[in-house]
Structure formats: structure tokens, C-alpha cells
Amino acid sequence: MDSRTEQYDTASGGGASAQPTANTREVTLQIEGMTCANCAGRVEKAIAGLDGVSDVTVNFALNNANVHFDDSKLDTSKIADAVTDSGYTVVTNQLSFDVDGMTCANCALRVEKALAGLPDVTTASVNFALERADISALSGKVNDAVVIKAIEDAGYHATSRNKVTSDDDSAEEAARSARKQDKSLILLGISALLTAPLVLQMVWMNLGVSYHLPAWLELVLATPVQFYIGARFYKGAYAALRHRSANMDVLVALGTSAAYFLSLYNVVMTDAGQMHLYFEASAAIITLILAGKIMEERAKRGASAAIRELMALRPRRARKVVAGEGEQDVAIESLKVGDIVRVLPGERVPVDGTVQAGESELDESLITGETRPVARVRGDDVVGGAVNGTGRLDIEVRAVGDDTTLSRIIRLVEKAQTGKAPVQKLVDRVSAVFVPIVVGIAIVTMIGWLLAGFDLEASIVAAVSVLVIACPCALGLATPTALVAGTGSAARNGILIRNFEALEQAHNVDTVIFDKTGTLTEGTPTVRDVCPVDGIERKDFLRLTAAVQAASEHPLARAVVSLAKEEGVSLPEIDNFKGKTGAGVMAETEGRKIAIGSEALLSDLEIAGPSEDFAKDIKKHEGEGRTVILVAIDGKFAGYLTLEDRIRANAKQAIADLKARGISSIMLSGDSQDVASHVARELGLERGEGRIRPQDKALEVEKLRKQGRRVAMVGDGINDAPALAAADVGIAMGGGTDVAMETAGITLMRSDPALVSAAIDISIATRRKIAQNLFWAFAYNVVGVPLAAFGVLSPAIAGAAMALSSVSVVGNSLTLRRWKVRK
């Protein structure tokens, strides 16, 4: 062991060193990815370079970093970022909370700032549309109570989402939400009844009827609206101002209070004949904004309906089959992998599993987006949440709880919906200064009217209009509601978008690279020809070949083993199995050395290739699109097998759809160039490249990106993962491996190439909605505030416009719910 390694293993030195100050804090970060002492040195150097770090020690043996730093100059998130930038990962816990009481984007920013300021929190994100906060915190450092207290100290109420909810919990949450809605509707009803006479007298006057309610009656009607119905605005404004910030509640409270107290002053101090009252303005503003908030809440729930629909698919009970005891009704949580559950006609499948007995058709539409029922027989896999058709199924449990496909889908959709678009950062900056600027404009408006010769009353009315028409809510809702609605619609149609970066990049894609096997083809090849050389019996050739292939999970290998089983060939044991990625496999059996794979494998092993006659036949097979694998026994070419993998029925149309959008399509395959060229011609691809190794796929992606192309990679296997990660957008086919699905930014829940163009379509549609929402939100304020300042809009009309602005933005986002994959 060298001195450097010893240093980090004993955690006895290293790092920056300085005298501690009054602001010095100590934190220990758990780090993943360090493989040697040099890794520890790199992490230590990255942390030590931060301004404010006084001492750092990285312990390679314990995989942690102990850091002393000045918290007036630095916070935990910047230290975590430094570790990430150096190529390693800080271990964090993900915590989520529902936040109640936020009324606009400024509220969300205040909560986010409060959470980001907590010690040991690395990232914090608050979604105003979903009323949800998500944080990443150093492992074991932050708990629910600490976070909830921080949110409550900021003036809001929070409940944790970090526990498994039971049926009772879900019912209580639904009941609580219903009670809240009912209370809001009752308050709105009271407010409308009290406000109606005040507004009706304005209508009468416009119709030429000279009738005024008595001043005392107007005061009686307006007062409960102002201070009982409008109490929520005063509470929100107080909480915001107490924390030295401002939000929509501040604007509403200021505007309505100005109108109310100006009217009250006139009642007390002015002669009845000259009295101008604005009680109808203050009451109408509160009533209209309350109505707008209720409509907004309903619209927001509509935007996030996809998650609730997916959660509703999870059964809570299952019918477990116990040998000798029959059926038992049990909670889902009690099931284990290997248990047998019975699903009767019309019931939902409770878990992921494999059919052991029975046959039926399953409706998987809400999981995969496939609208037609799918036949399932013994040996087929089924997913939890699917609806059983007319048959009875006995299913062996393969995954339960968080490991099921449905749970993974819910996590992916939630993660995407709680993300923030890059443009949201601009909106957040605008929102942070929006209310103070509006208050400033209102003051300037009042002064301007006074200087123009108008009296104080008219000046105040104009200022009130400015205060109540300005709407930070529309800005705050523009991006998240479109994102929630777009990702939700995509999920309903079998497209899972993991993060906004994938959605952001997908609309720019101009080149799509496809893997062949399992992506453009069905991925279930069958053996067509078994061709040993003279002197080797076909049965022996198949027996030895299948014995080695039985140790491989490759689809081609499974096809060979399947043929051997069909023909009743018994397979011997093998030794010294080795695989060479993208080339083939080798092993020993019955004292003989077997090598199976491509011509490149035989060349690497210095084994002579097939004779001229065999080479001609192989060339012919490959020219007709069949895959050929070569076999060598004891260092000599022994024959070959041909396999056919049918092209997916809708693959050609999928390529045509991309071409119609001006997108180039390329196929990369490990098969020979002749096979790749044949498939490319059949499908109308721009080109098909053969003999491509997994690492070459990633290199091809990088090459195209350097040429200025925006590249999407579509694949389904472990060997596609590097290319999926390298592409601007990685798209994994749903039938693929977990590695591919975790690497990709978009996952297609059914193996349908047509969903590739659909994923690009929903990306474009969502971005378009975000742009529309932001345009109208900004335009509304840019146009509305000056109109109010110049007295064109009365306070009541300004309040109505303010209320409708948020509703219109959310309503525009909701149109994405109608999006469907084009057939």
C-alpha cells in the first residue's frame, strides 16, 4: 500500500486546513463511485477548491468526505455539486411533501428557498401546480419533522408523502380534499349572495335606473366579504410580509383594503348626496378571485389526473392460492415472490408475475397504452393493474411493492412532473420581483393621477385597479401545468418521460438511430437452417452448439436452445464459458472446445473461416436478411446456423412517419453488413450499418452529434445502454432490460417503433403549450397593468380579468389531455 492509499484508508490527513471561524460547520457526505485512493484524492481536491472550505478529509475505506466549511460562504448543495462535477455521486434521500396554502408562484419560491436553506439539503424543488415539495438531503441527516417545520415557519402547511399509504389513509386524504372543496364552495356561495346586490345596482345604473342601496346596507354587505371571506388573503399577505417577501395575497389585500376603506371613509365623512362608494369593487374582486381559485384548483387536479388514475390501478387485496388450503384473501403487502395468486374474470391483476395456469385476454391500456386486449397463456408475463378478461388465471408472483412495473411507472411520471423546465428559472426570477414592481407601479399611478389634476379618490381607484389586475399566478402555472398534463397524456399512451431534459431535447431531434434486434425486429428469432460441415452429424452439431448457447441470454442463443429442446436433444454440461461482447461465446464440453459467433470471433481465435462453397451460401442467406452464426469445434470451422427475426409489422410505417417529419433514420446492428443492408432496404432507412459492436454505437452517436445532428437512440438491450446515455435523447423499448430503461430519458411501454415519432410529437405539443402559456401570461400583465394604470379598467373588471388569467392558462394546458398517438 502506498502512502497516499494509507492516508485515505485511515482518514488521518489530507485536505484544506485553516482556523475555524464562528460560522464553521461540519458535514459528512457518503460518496459512491470511488474505486481507489486516486478517486478519493480527486474528490478531496474538488471540495478543497471551494471558497469557504477550511478542512476536508476524504476516506476511501469508508466512502465518505468530512468537510469543515464557513456556512456564510458555502452551503451543502455546492459541496455536493463539486463531488458530482468530479465524477462521483453523493448518497442522498429523496423526500416529498404536499404543501397547502400556496396562492402563487412567489409562495412556491419562498417555500423552495426555506427548504434549500436547511442544513444538509442538497436540492429543493417546489411545484406550485402540484402543490408539492421535493428535496434531496444527505442520507440520514434530514427527517420529515424538520422539513415540515421549515415549511410551516415559512407560513404554509405540509404533510409527508414519505410513507406507504393504506386504504384508510387514502380514504382520509380524499375526504379531507373533499371537505376543503366543500368549504371553498360554501364560502363562494356566501360571498356571491352578499356581493350580488352590490353588483346589481351597478347594472341598474348602466340601464338608466337611478337607484342606490343605502350606504349602511352596502357597508353591512361588504364587510363580511372583506374580512371573513377575504381572511385567507390577509393571512397569506401577513405570512409573506413577515418573511420579507410578497405574493398575490399582498396585491389582493392591498387593493381590496384600499377600495373598502376609501368607501368607509366616504360613508363616515362625506355628505350622502356626494358620496362615491366602491364596496362593490372590493367585494366583487374577492368573490371573483375566490371563484377563479376554485376553478384553478379543479383544473390543476385535471392536469395531474394521470398519476391518480395510475395509483387507482393498484389493488390492495389479492386472492392467494395455498396448497391444501385453497384461496385466501390477503393484503398485497403480505405477498412474496414465488406465491401463487388467482385472478378471476373482470378483476385487476394485483402483481407482476407469470401465468402458471389458465388463459385469458388482459386490458393493459392504462399501463402500456395498447388499446386492444392482449392474449395471455401459460408462461406469459403479466403486469399488475391490467384488467382480466373472461378467463381465470393463476399467476406466480414475480415482483411486488415498489418493484412492480406499475410502481416504477408512477415513480417515473412523478419524477418528470416535479421537474422544472429551463425557462422556469427565468419565470422564477421574474416572479421574485413581480409583486414589489407592481406595488411600485401602483404608487407611481396614484402619484401620476394626482399630478394630472385628478382628486385623491380617482387616483386611489386607478392604483387599486393596477394592484388587482397584476397576476403572478398565471406566470407560475404556465410551465408546470403544461408539463404535468403533457407527461400525463404521454403516460396514458404508453410513453414514459423520465425528466424534462428528455422532453426539452426530443423536439429538436433530426436523426434517430435504431438498434435492430428487439427494436425494429420482434426480438424472438427462430432457427431456419442447421448446416454442419461434412463429417459432423447434424444432431451432434446442434447438441454441442446448444449446450454452449444455454449459458447465454442472447435472443439468438435462446432460439438455438429452443430448437434443441423441440427436437429432444439432451444437452451436456459445459466448462470455462466465456463471452466476448458483440462477437460470440466460447466454452468446453465433452473435452472439446466450442466457439460460436461472428467471423470476427473466429479471426480473433486464428481459426480459418468457411470454405468457398460455404461462404457463398452464407452470403446468400445474409443477403436475404437472415442472421448467420458460425461454429468452430477444436479450432476448426464446423458449420453454421441461420436465424430469422421477423421485422415488426408497423416498423416500416414508423420509419415513414419519421421521414415525413424530416427526421433521418439509421440502423446499427451486430449482424453482418448484408443483413443490415437488407433490413434497411425493407424499411426505407437512410442507411443500415452492420458488424457494429456496443461501444461503436456510442461512438456513432458522438460522431453524429459532432456533425451538429440532434440524435435520439432507440434500443432495448444492455449493450445499448452506452449509446442511450450518449444520445441527446435515449429511448428504451418497454420490452427491454432494466439497464436500458434506467439509462434512457424516455421509455416506450410497448415494443412499438411508432411510439418514437409519438414521443417527439408530445414533446413538441408540450413545449408549444408552455410557450403559449408564457406568452399569454406575460402579455396579459404587459397589456393589463397599463390599461389599469390609465383608468381604462375599473377595479371590479380588473379583478375578474385577474381571476380568469390563471384559469385560462391552466385550461390551455388541459387541452394536452386530449392528445393521443396518431394511428
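By contact I mean heavy atoms within 4.5 Å. Keep that in mind, since I'll be talking about what touches what. And one caveat up front: this is a predicted model.

Okay, let's start with helix α24, residues 673-683. Six names to look for here: V675, A676, H678, V679, A680 and L683 of α24 are buried. So what covers them? The cover includes two strands you'll meet again in a minute, β26 and β27, along with β24 (627-633). On the helical side, it includes α18 (516-520), α22 (612-623) and α23. Right after α24 comes G684, and its phi is positive, near 80°.

Now, α24 and α22. Two packed helices are described by the angle between their axes and the distance between the axes. For α22 and α24, the axes come within 7 Å, and they cross at roughly 25°. With anything under 35 degrees counting as roughly parallel, that makes α22 roughly parallel to α24. The crossing is right-handed. From α22 you get K619, E622 and G623 in the contact, and from α24 it's D674, V675, H678 and R681. Sort those by class and you have 4 charged residues, 2 polar and 1 nonpolar. Note that V675 and H678 of α24 also turn up among the buried residues.

Let's move on to the sheet. It's an open one with 7 strands and mixed pairing, and the order is β18-β30-β29-β28-β19-β26-β27. Which strands sit at the edges? That's β18 (495-497) and β27 (687-689), each of which pairs on one side only. From one strand to the next, the twist averages 20°. If you want a specific pair to look at, take β28, residues 711-715, and β29, residues 729-733: they run parallel, with 4 bridges joining them. One of the places to click is A712, whose bridge partner in β29 is V729.

What lies on this sheet? Our friend α24 lies across β26 (664-668) and β27, running at about 155° to β27. Helix α28 packs on the sheet as well, touching β18, β19 (511-515), β28, β29 and β30 (746-748). Its direction makes about 50° with that of β18.

While we're on α28, which spans residues 754-789, have a look at how it meets α23, residues 651-660. Their axes come within 7 Å and cross at roughly 30°, so α23 and α28 are roughly parallel to each other. On the α23 side the contact residues are A654, D657 and L658, and they meet A754, V756, S757 and I760 in α28. By class, that contact has 5 nonpolar residues, 1 polar and 1 charged.

Next, another helix pair: α19, residues 538-549, with α20, residues 555-566. Here the axes are 9 Å apart and the angle is about 135°. Are they parallel or oblique? Roughly antiparallel would need over 145 degrees, so α19 and α20 are oblique to each other. α19 passes α20 in a left-handed crossing. R538, L542, T545, A546 and Q549 of α19 make the contact with A557, V560, V561, L563 and A564 of α20. The class count for α19 with α20 is 7 nonpolar, 2 polar and 1 charged.

Now over to a hairpin, β6 and β7. Strand β6 covers residues 121-127, and 6 of its 7 residues are buried, so the rest of the structure largely encloses it. It pairs with β7, residues 132-138, in the antiparallel sense over 6 bridges. Within that pairing, V126 has A133 in β7 as its bridge partner. There are 4 residues between the strands, and E131 in this hairpin takes a positive phi near 50°.

V126 also comes up in connection with K113. The two are 13 residues apart along the chain, and their C-alpha atoms are separated by 9.3 Å. K113 sits in helix α4, residues 105-116. Is K113 buried or exposed? At a relative accessible area of 69%, K113 is exposed, given that exposed means over 50%.

For contrast, last stop: S805, in helix α29, residues 795-814. Its relative accessible area is 6%, so S805 is buried. Leave aside the neighbours within four places in sequence, and S805 is in contact with C471, A474 and Y780.

That's my tour; happy to pull any of these up on screen.

Notes: Residues are numbered from 1 along each chain as its sequence is written. This is a predicted model: local features need pLDDT of at least 70, side-chain atom pairs count only at pLDDT 80 or more; totals for chains, interfaces and linings use all residues. Side-chain values use heavy atoms; hydrogens and water are left out. Buried means under 20% relative accessible area, exposed over 50%, partly exposed in between (1.4 Å probe, protein chains only). Axes are lines fitted to C-alpha atoms, for helices over the stretch in contact, and angles run from 0 to 180 degrees between N-to-C directions. Angles under 35 degrees count as roughly parallel, over 145 as roughly antiparallel, 65 to 115 as roughly perpendicular and the rest as oblique. A crossing is left-handed if the near helix is turned anticlockwise from the far one by less than a right angle, and right-handed if clockwise. Ala, Val, Leu, Ile, Met, Phe, Trp, Tyr, Cys and Pro count as nonpolar, Asp, Glu, Lys and Arg as charged, and the others, Gly among them, as polar. Two strands pair if DSSP finds at least two bridges between them.
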